[in-house]
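Biologist: Please take a close look at a single part of this model, and set out carefully what its geometry shows and where that part sits in the whole chain.

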Amino acid sequence: MSDLETLRELTRGALASLELSRRRIDDLNVYPVPDGDTGTNLALTTRGIVEALEATTGADRPMLAREVTRSALMSARGNSGVILSQIVRGAADVLGAAQTIDSTQVARAFRGASDEAYRAVRKPVEGTMLTVIRELADAAEESAGSDIEPADLLKKLVVSGDEAVARTPAQLEVLREAGVVDAGGAGLVELVRGLAATASGEPLAEPPVREEPALEAVHQEPSRYRYCTTFVLEGDGLDAPGLETELDRLGDSLLVVGDPEALKIHVHTDDPGAALSLGTNVGTIEGVEIADMHRQTEQREKRLLSALPGGASRSGVVAVVAGGGNRRLFEDLGAEKVIEGGQTMNPSTADLLEAVDAVTADEVVLLPNNKNVVLAAEQASRVAGKPVHIVPTESIPAGLAALVAFNGERSAEENAAAMRDAARQVTTGEVTVASRNASVDGIAVRAGNYLALVDGNAVAAGPSFDEVARSLLDRLLAEPRDVLTVLTGDGAPPLNGVLDELVEKHPDLELDVHEGGQPHYPLLLSVE
């Protein structure tokens, strides 16, 4: 088996292991701040590596090491994902230069990973994933040698990693008070567990049963700053220390990692626009993600409270969604069942009924999120074995706005009324690509050009994505708005200059940017 094939199998196994425990790790998140969902951020970062390896034709070990390092950097999400990208960098530097990979080289890779991770963090804190990677490196060095194969070493490291994670509450007071272990460390061990199983040719073990959370773990203290801001900065001769100094004035939880040609930047701040402007002053930015951590903390609290004794939901949500990133957003907001579907791939009534039946609550709210799904949803509601209320959302942004108003303690009827009201408060916009020459609402568009719509009505068209996106934003923000949600589609062009201009023109606008991954629509927007 070639190095590429081996690496593909190992990374797939690592991702599969992490996905099995993703939600459990999300619910552990406490430290360093309520920073999104750690399990999800680690999974997205790892998925970026897997997808890069699926696409590459690189054959030699040094080239594969560079590919893995760059893909980890470019796909890193959140504080934990950026640290993981540096763990990957340190390991790849060692393994990419190795002639043969034995247990001694594996141990050196873990030490390189630990050293790189500690270098990335300005103020390292013990009891976190930094401690876990260091203790994994210690354990690897103690066990490595000619008498142990790499696969057997990895299996021993899983045991050492579990023990290291179990010790984190004793090392960090905030974990001890909340009664949980460190989420980043737990995720890291799941990755090693997947590597060990794949290297040994063994099936993945079932993850531990999720325990009901303690109240102390449910109620988090919100971060001092509101927005988790992450982006990639590309240029020539980038000055990482200089950028760190400038960004440090804007917030905390700062990470600036990479090389002089590409940096991954992560910062918690109340002024994400200022952080983006620092980047555009010296290079080109892409992969922008801005998440409202206060809202994420509220969502996590609601999700965990429903798992406590007496906290079972009276009603649940089924949503039809396209795009992996959008799916995770709906799940994090409380949708119990998410069906893949939307434009050009409408689920059947049977698909919807199956999802409704799988909801544990006695009543269901159904979000079709596409006008072509509404009829099937209505049919499903008529024949379902439990009460089903339809909120006839016709877009993913409208569905997200509706879902924010959901409360599992209310009946489906009460929720549906509140969710319809919430959906009516938003105006939605989208950019798609025309499949043929046409005139839509008086707007002429040629096949292959971009077409912008507001609440389903065409407002602009043209060959330039940036110009069409600007026209759409101007229309959506013609009157004062508080919040703009941006969902970028699969293969969407970068929004670099558009976002910079937006921040300058609307400094008080709350911006929430996510990679939605939806097909056919490079951009989905909503304002409220």
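Modeller: I would choose the hairpin that β12 and β13 form, which has 2 residues between its strands and, in its turn, D455 with a positive phi of about 50 degrees. The model is a predicted one, in which local features need pLDDT of at least 70 and side-chain atom pairs count only at pLDDT 80 or more, whereas totals for chains, interfaces and linings use all residues. Residues are numbered from 1 along each chain as its sequence is written, and side-chain values use heavy atoms, with hydrogens and water left out.

Strand β12 covers residues 450-454 and strand β13 covers residues 457-462, where strands (E, at least two residues) and helices (H or I, at least four) are DSSP runs numbered from the N terminus. The two strands pair in the antiparallel sense over 5 bridges, pairing being accepted if DSSP finds at least two bridges between them. Beside the turn, V454 is the residue that stands opposite N457 in β13.

The other end of β12 brings in an aromatic contact: a search of the whole structure finds 1 aromatic pair, and Y450 and F465 form this pair, edge-to-face, with 5.3 Å centre to centre and 65 degrees between the planes. Rings of Phe, Tyr and Trp (its six-membered ring) pair if their centres lie within 6.5 Å, and planes under 30 degrees apart count as stacked, over 60 as edge-to-face and the rest as tilted. Because Y450 lies in strand β12 and F465 in helix α20 (residues 465-476), the pair ties together parts that are 15 residues apart in sequence. Both Y450 and F465 are buried, that is, under 20% relative accessible area, with over 50% called exposed and the range in between partly exposed (1.4 Å probe, protein chains only).

As for the setting, the secondary structure of the chain comes to 21 helices and 16 strands, and buried residues make up 56% of its 528 residues. The C-alpha atoms of the chain fill a box of roughly 70 × 55 × 45 Å along the principal axes. A compact globule with 528 residues would have a radius of gyration near 24 Å, and the chain, at 23 Å, agrees with this; the radius is taken over C-alpha atoms, and the globule rule is 2.2 Å times the number of residues to the power 0.38. Among contacts in the chain with a separation of 6 or more, residues 24 or more positions apart account for 70%, contact meaning heavy atoms within 4.5 Å.
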